[in-house]
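Subject: Structure for you, with notes on salt bridges and pockets

Hi,

Here is the structure I promised to send over. Have a look at it first, and my notes follow underneath.

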Amino acid sequence: MIIRDARASDKKHIVKFCQNTFSWGDYIPDVWDSWLSDGDLLVIEKKIPIGVCHGVFSKNQLWIEGIRINSDFRRQGLASNLIKRFESLASKKKISKVFMLIDTENYASLLMTQNLGYKIYQTWKFYSLLPQKNNFSDISFGNVIKVGEFSHYVKSWRWLPLNKQKLNSLNSKNRIVYSKKSKNKSIAILGDSEHFEKTLIVTLFSGSKKDTINIILFLQNLGFEKKYKRIQILTKEILPEFTSLEHKISFHLMQKLLS
Ligand SMILES: CC(C)(COP(=O)(O)OP(=O)(O)OC[C@H]1O[C@@H](n2cnc3c(N)ncnc32)[C@H](O)[C@@H]1OP(=O)(O)O)[C@@H](O)C(=O)NCCC(=O)NCCS
């Protein structure tokens, strides 16, 4: 068993066993090329590649994603070994926090990460929303988030640290919007998917029902005007009932602190 950096020629082997990973299929074939060019894409091979995992290093954080093991080779510790390899790379870079996202119903994966010392850090909900022309009022752009108020935001389905530098850069690109009709405002961070075209990805910090509905109306209209195919909302809160807003799935954000 060898763990090594992925090569372009591995794609056919990986894609072959990643057709039906989940009931809806898998996204690995769609992101493979981009992950390969990003780097930090590892495969595990026994004559041919039978497992894969991608890592994204940022300031004091390692993000692990896309862990897949060919179903003929599971329960042999292969996924655990891939994760441990990434953890040792993180330690060498003096990074102490590792995060990954797991469907709250993916018991195999949850058990595996818990065995490796990961803990549930937060639980997030994924809602889909259809673009639609409509009216909203009193939406403002600007940074109303205090440093440390929220730990992460979602960029292309990666939970990245929301530090001062990131808040400033999001703000300068007009990516932070809020509604403050009541005391408990709702804030959204907007982003485009790097892997799927015309997909708006929104981190929503939901406050009052009134403000959340207002932000949702704004997002729908933005989707309509900018011709987005889909709007994906990630939030820790339960959102109010709203036509064409659908709760799809929940995820645990898992964390391990490396010593
Ligand atoms: C989840 C997955 C990556 C695990 O890969 P794996 O190589 O079989 O995992 P490991 O052998 O390292 O498992 C380590 C431990 O995790 C737990 N575990 C893993 N799969 C399990 C299963 N199907 N049922 C129960 N426990 C399981 C066990 O405690 C296992 O130790 P044990 O075999 O000694 O009992 C693999 O099942 C897979 O590719 N699943 C589909 C894709 C997926 O869900 N990826 C994760 C998305 S976050």
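Start with K11 and D33, whose side chains form a salt bridge with N and O 3.2 Å apart. Keep in mind throughout that this is a predicted model. The two residues sit 22 positions apart in the chain, so this pair ties together distant parts of it: K11 belongs to helix α1 (residues 11-17) and D33 to helix α2 (residues 28-38). Both ends have some exposure: K11 is partly exposed at 26% relative accessible area, and D33 is also partly exposed, at 48%.

Next, take a look at D26 and R68. Their closest N and O atoms are 2.7 Å apart, in another salt bridge. D26 lies in the loop between α1 and α2, while R68 is in strand β4 (residues 61-69), and 42 residues separate them. Are these two buried or exposed? With a relative accessible area of 11%, D26 is under the 20% cut-off and therefore counts as buried. R68 is buried as well, at 7% relative accessibility.

The third pair is E194 with K155, a salt bridge at 3.1 Å from N to O. This one also links distant parts of the chain, 39 residues apart: E194 is in the loop between β11 (186-192) and β12 (199-205), and K155 is in strand β8 (residues 152-155). E194 is partly exposed, with a relative accessible area of 44%, and K155 is partly exposed too, at 35%. The pair is also part of a network, in which salt bridges with shared partners join E65, K155, R158 and E194. For the whole model, the count comes to 12 salt bridges.

On to the pockets. The largest has a volume of about 1500 Å³. It is lined by 48 residues, and those closest to its centre are F22, I67, R68, N106 and S109. You'll recognise R68 there, the buried partner of D26.

Which elements give two or more residues to this lining? They are α2, β4, α3 (78-92), β5 (97-103), α4 (107-115), β12, β13 (230-235) and β14 (245-257). Strand β4 contributes the most, with 7 residues. By class, the lining of the largest pocket splits into 25 nonpolar, 13 polar and 10 charged residues.

Where does the largest pocket lie relative to the domains? Domain 1 (2-95) and domain 2 (126-255) both give residues to its lining, so the pocket lies between them.

The second largest pocket has a volume of about 250 Å³. Its lining has 14 residues, and K59, K97, S151, P161 and L162 are the closest to its centre. Sorted by class, that lining holds 5 nonpolar, 7 polar and 2 charged residues. Domain 1 (2-95) and domain 2 (126-255) each supply at least three of the residues that line the second largest pocket.

If you only have a few minutes with the viewer, I'd go to R68: it is buried, it pairs with D26, and it is among the residues closest to the centre of the largest pocket. After that, try the network of E65, K155, R158 and E194.

Cheers

Definitions and conventions: Residues are numbered from 1 along each chain as its sequence is written. This is a predicted model: local features need pLDDT of at least 70, side-chain atom pairs count only at pLDDT 80 or more; totals for chains, interfaces and linings use all residues. Side-chain values use heavy atoms; hydrogens and water are left out. A salt bridge is a side-chain nitrogen of Lys or Arg within 4 Å of a carboxyl oxygen of Asp or Glu. Helices (H or I, at least four residues) and strands (E, at least two) are DSSP runs, numbered from the N terminus. Buried means under 20% relative accessible area, exposed over 50%, partly exposed in between (1.4 Å probe, protein chains only). On a 1 Å grid over the protein atoms alone, a cavity is a set of points where a 1.4 Å probe fits but cannot get out, and a pocket is an open set with protein on both sides within 12 Å along at least five of seven lines; lining residues have an atom within 4 Å of a point. Grid points are joined across faces, edges and corners, and a volume is the space filled by probe spheres set on the points. Ala, Val, Leu, Ile, Met, Phe, Trp, Tyr, Cys and Pro count as nonpolar, Asp, Glu, Lys and Arg as charged, and the others, Gly among them, as polar. Domain bounds come from an automatic or database domain assignment.
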